[in-house]
Amino acid sequence: MPTQTFRLNGETVTVDVEDDVRVLWVLRDLLGVTGPKYGCGINVCKACTSHVNGRAFNPCAVRVGDLGADDEVTTIEGLPATVGAELHPMQEAWLEHDVAQCGYCQPGQVMAAVALVSKARREGRTITDADLDGIRNICRCGTYTRIREAIVDGESRM
Ligand code: FES
Ligand code: FES
């Protein structure tokens, strides 16, 4: 069995697993990191949204063999440490707006929100309604209105 090495939430991890196993299964089943949720497994629902090198990605759609030893995967568990705090400002906004209902989609929603604000910052701008419209993370509980409000608030806190 080949070994796979990458960085996860600030630490180097190594696992024995075939190259073509998707990163989501490595995180959840081999490393016990269950923040990224399994919804569809085919890059549609976005419940597994996490970051690789600071950008949003869906680990159900990436082979672990395609990660390099220096690639930094961040899940909701590691998000607060990226700002050196107990909670990321986007998570604080989430609590303020009482966004979550069943909660299943929410780790992915928060990770998508942070990636969206970071992308807009790299482009030297703030997020727009069109950006919010472009979020594809599914919420079967229908918390979309509160998600939008929290993202706008979270951006102002970041
Ligand atoms: S589980 Fe990854 S996009 Fe649905
Ligand atoms: S809060 Fe239940 S799926 Fe989004």
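A salt bridge is taken here as a side-chain nitrogen of Lys or Arg within 4 Å of a carboxyl oxygen of Asp or Glu. The structure under analysis is a predicted model, and by this criterion it holds 10 salt bridges.

Two of these salt bridges share an acidic partner. Glu-123 pairs with Arg-125 through side-chain N and O atoms separated by 2.7 Å, and with Lys-119 at an N to O distance of 3.3 Å. Both distances satisfy the criterion because the limit is set at 4 Å. The three side chains concerned belong to residues of intermediate accessibility: Glu-123 has a relative accessible area of 43% and is partly exposed, Lys-119 is partly exposed at 38%, and Arg-125 is likewise partly exposed at 30%. These values fall in the partly exposed class because buried residues lie under 20% and exposed residues over 50%.

A further salt bridge joins Asp-133 to Arg-148, with the closest N and O atoms 3.0 Å apart. Asp-133 belongs to helix 4 (residues 129-133) and Arg-148 to helix 5 (residues 144-157), so this pair ties together parts that are 15 residues apart in sequence. Asp-133 is partly exposed, with a relative accessibility of 46%, and Arg-148 is also partly exposed, at 30%. Beyond the individual pairs, a network of salt bridges links Glu-92, Glu-96, Asp-153 and Arg-157.

The nonpolar interior was examined next. The largest nonpolar core comprises 17 residues, of which Leu-79, Met-90, Trp-94, Val-110, Ile-127 and Ile-151 touch the most other members. At least two residues of this core are supplied by each of helix 2 (89-96), helix 3 and helix 5. Helix 3 provides the largest share, with 7 residues. The surroundings of Met-90 illustrate the packing: when residues up to four places away in sequence are not counted, Met-90 touches Val-110, Ala-113, Val-114, Val-117, Ala-150, Ile-151, Gly-154, Glu-155 and Met-158. A second core, separate from the largest, has 14 residues, including Val-26, Phe-57, Leu-67 and Val-73. In soluble globular proteins, nonpolar side chains tend to be buried together.

Helix 1 (residues 23-30) has as its buried residues Val-23, Leu-24, Val-26 and Leu-27. An α-helix has 3.6 residues a turn, so residues three or four places apart point the same way. The cover over the buried residues of helix 1 includes strand 1 (3-8), strand 2 (11-16) and strand 4. Helix 1 is followed by Gly-32, which has a positive phi near 70°.

Pockets were also characterised. The largest pocket encloses about 270 Å³ of space. Its lining consists of 14 residues, and those closest to the pocket centre are Ala-56, Ala-112, Gly-134, Ile-135 and Asn-137. Strand 4 (55-57) and helix 3 (106-122) are the elements that give two or more residues to this lining. With 4 residues, helix 3 gives the most to the lining of the largest pocket. Helix 3 thus appears both in this lining and in the largest nonpolar core. By residue class, the lining of the largest pocket divides into 6 nonpolar, 4 polar and 4 charged residues.

The second largest pocket has about 160 Å³ of space. It is lined by 14 residues, with Ala-47, Tyr-104, Cys-105, Ile-138 and Arg-140 closest to its centre. The lining of the second largest pocket comprises 9 nonpolar, 4 polar and 1 charged residues.

Backbone geometry at two loop positions deserves a separate note. Asn-9 is not a glycine, yet it has a positive phi of about 50°. Asn-9 is located in the loop between strand 1 and strand 2, and its relative accessibility of 27% places it in the partly exposed class. Asp-98, also a residue other than glycine, has a positive phi near 50°. Asp-98 lies in the loop between helix 2 and helix 3 and counts as exposed, at 56% relative accessibility.

How values were computed:
Residues are numbered from 1 along each chain as its sequence is written. Chains are lettered from A and ligands numbered from 1 in the order in which they are written. This is a predicted model: local features need pLDDT of at least 70, side-chain atom pairs count only at pLDDT 80 or more; totals for chains, interfaces and linings use all residues. Side-chain values use heavy atoms; hydrogens and water are left out. Buried means under 20% relative accessible area, exposed over 50%, partly exposed in between (1.4 Å probe, protein chains only). On a 1 Å grid over the protein atoms alone, a cavity is a set of points where a 1.4 Å probe fits but cannot get out, and a pocket is an open set with protein on both sides within 12 Å along at least five of seven lines; lining residues have an atom within 4 Å of a point. Grid points are joined across faces, edges and corners, and a volume is the space filled by probe spheres set on the points. Ala, Val, Leu, Ile, Met, Phe, Trp, Tyr, Cys and Pro count as nonpolar, Asp, Glu, Lys and Arg as charged, and the others, Gly among them, as polar. Contact means heavy atoms within 4.5 Å. A nonpolar core is a set of buried Ala, Val, Leu, Ile, Met, Phe, Trp, Tyr and Cys residues joined through side-chain atoms within 4.5 Å.
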